[in-house]
Amino acid sequence: MATPEKVLDPEARIAKLLDDGNFELLLPRTDCGMVAATGLIKGNKVVVFASDPTIKGGALGIEGSQVIVQAYRAAMGAQVPIIGIWHSGGARLSDGVASLNAFGEVFQAMVTASGRIPQLSLVLGPTAGGGAYGPALTDIVVLAPEGRIFVTGPDVVKSVTGDIVDMALLGGPEAHSKNSGVAHVIAPSEDIAYSEIQDLVSLFANQSLMSPHVEDVKLAHLVPDSAKRIYEVHPLVDAILDKDGEKLELLDMWAENMTTVIGRLGGRTVGVIANNPQVIGGVLDSAAGEKAARFVRTCDAFGIPLVVIADVTGFLPGIGQEWEGAVRRGAKLLHAFAEAVVPRVTVITRKAYGGAFVAMNSKSLGATRVFAWPQAEVSVMGAVAAVRVLHRRLLADLPAEQREGMELELAAEHEKASGGVARAIEIGAVDEMIEPDKTRSAIAKVLAATEYRRGSHGNIPL
């Protein structure tokens, strides 16, 4: 069995990540607490740097920070992904303010590379202070069970606020799975954390051309006919993506009403965004808008086409949402889609109401193609809700026993008058109605036939 020192050794960690454990050091190894190397992951060239927690807890000073800066220069020069293996106590106290300045140079290198090369972080141990902001500036953060990310540790928290908390509760998987949105992937084991980084490298770096010829599968049974029934959207997303390709859900326990998955369709990497009716009916709220916006911008920055599965009744109302910035954070999603230049296809499965219809990659925001299933509803709001507003006086004057029947009658008339999907197709807001079981091939044909571009923007951590 390996000794703890070997497990913590940065070269051992780098070797574990790379194909056949082979790597070449970028710089001679010193006692600076940081090692950088080049190698292959699933045949794709990468640059990797790793902190050494056995030297001053992995704290970084001037020399160690420069190793990271040199790693970024190498990755940018070769235009390849860069992976940081983090286990660091932050700035090295013995270097004083110079270590803070050096950390700033690391952050500058990361921001310069943002949106230009994929930046992935693997957090294996406590990562504090400047060491916390390092992963936070990257595109994807994978957190292992022993990983901890926090600005200030438990001792400082106690001295300043009086709160008593341990490192796990402060910045471990529990903290970052549902509460913070900092870690995109929470790995159940360290080995799986390595594997997930490897899959992510393949998805970002190995973007083969999409085949327009994909096998269709039955999908209709995965979505209830009734617009009122809840259901879990993950089986539908899984069925749309390639069965045998790499696939990873990001932020799966944060803002669960919005599902974001990176996987493959027709052999090409795609990003999937889907409302999940299993959680608060799949409505858009402030957190979901922010989560989806970051995902859209990540995919756009790296030329990853988007598939949007829309089944949404609108934005979540309430004073809490307004105070949390639902307008500001929802606007991020509108901006992200309107700005995106990658091919992007929307499929409306059951309903798309109000502003959420626009926000979920509408034609008005530049969607490449918008499809709707035959039972789909498109309107300003649900028909019954609409007639309750439009005919509130008439309905108020009716006896209670007649009111429901009149609501349904008026709703049917309203659906016919407003046009629904037929009217949306007429004005070009929906391109085509398709059968559910033809969805995969319909999406693939559009994405395969569309010119691929990538956004010319960074990937700010929204």
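The following paragraphs lead through the enclosed cavities of this predicted model and through two places where its helices pack against each other.

The cavities come first. With a lower limit of 30 Å³, the count comes to 2 cavities. The largest cavity has a volume of about 60 Å³, and the residues that line it are D139, I140, H184, L250, L251, T260, K291, R294, F295 and T298. Helix α11, which spans residues 286–301, gives the most to this lining, with 4 residues. Taken by class, the lining of the largest cavity is made up of 4 nonpolar, 3 polar and 3 charged residues.

The second largest cavity holds about 40 Å³ of space. Its lining consists of L284, D285, S286, G289, F315, L316, Q321, A326 and G330, and both α11 and α13 (326–339) supply at least two residues each to the lining of this second largest cavity. Here the division by class is 4 nonpolar, 4 polar and 1 charged.

From the cavities the reader can turn to how α11 and α13 pack. Two packed helices are described by the angle between their axes and the distance between the axes. The axes of α11 and α13 come within 8 Å of each other and cross at roughly 25°; because angles under 35 degrees count as roughly parallel, α11 is roughly parallel to α13. The crossing in which α11 passes α13 is left-handed. On the α11 side the contact involves S286, A287, G289, E290, A292, A293, V296, R297 and D300, and these meet A326, R329, K332, L333, A336, F337 and E339 on the α13 side. By class, this contact of α11 with α13 has 8 nonpolar, 2 polar and 6 charged residues. S286, G289 and A326, which take part in this contact, are also among the residues that line the second largest cavity.

A second packing is found between helix α2, residues 10–17, and helix α9, residues 190–205, whose axes lie 10 Å apart at an angle of about 60°. That angle makes α2 oblique to α9. In this contact R13, K16 and L17 of α2 meet E190, D191, Y194, I197 and Q198 of α9, and the residues of the contact of α2 with α9 divide into 3 nonpolar, 1 polar and 4 charged.

Conventions: Residues are numbered from 1 along each chain as its sequence is written. This is a predicted model: local features need pLDDT of at least 70, side-chain atom pairs count only at pLDDT 80 or more; totals for chains, interfaces and linings use all residues. Side-chain values use heavy atoms; hydrogens and water are left out. On a 1 Å grid over the protein atoms alone, a cavity is a set of points where a 1.4 Å probe fits but cannot get out, and a pocket is an open set with protein on both sides within 12 Å along at least five of seven lines; lining residues have an atom within 4 Å of a point. Grid points are joined across faces, edges and corners, and a volume is the space filled by probe spheres set on the points. Ala, Val, Leu, Ile, Met, Phe, Trp, Tyr, Cys and Pro count as nonpolar, Asp, Glu, Lys and Arg as charged, and the others, Gly among them, as polar. Axes are lines fitted to C-alpha atoms, for helices over the stretch in contact, and angles run from 0 to 180 degrees between N-to-C directions. Angles under 35 degrees count as roughly parallel, over 145 as roughly antiparallel, 65 to 115 as roughly perpendicular and the rest as oblique. A crossing is left-handed if the near helix is turned anticlockwise from the far one by less than a right angle, and right-handed if clockwise. Contact means heavy atoms within 4.5 Å.
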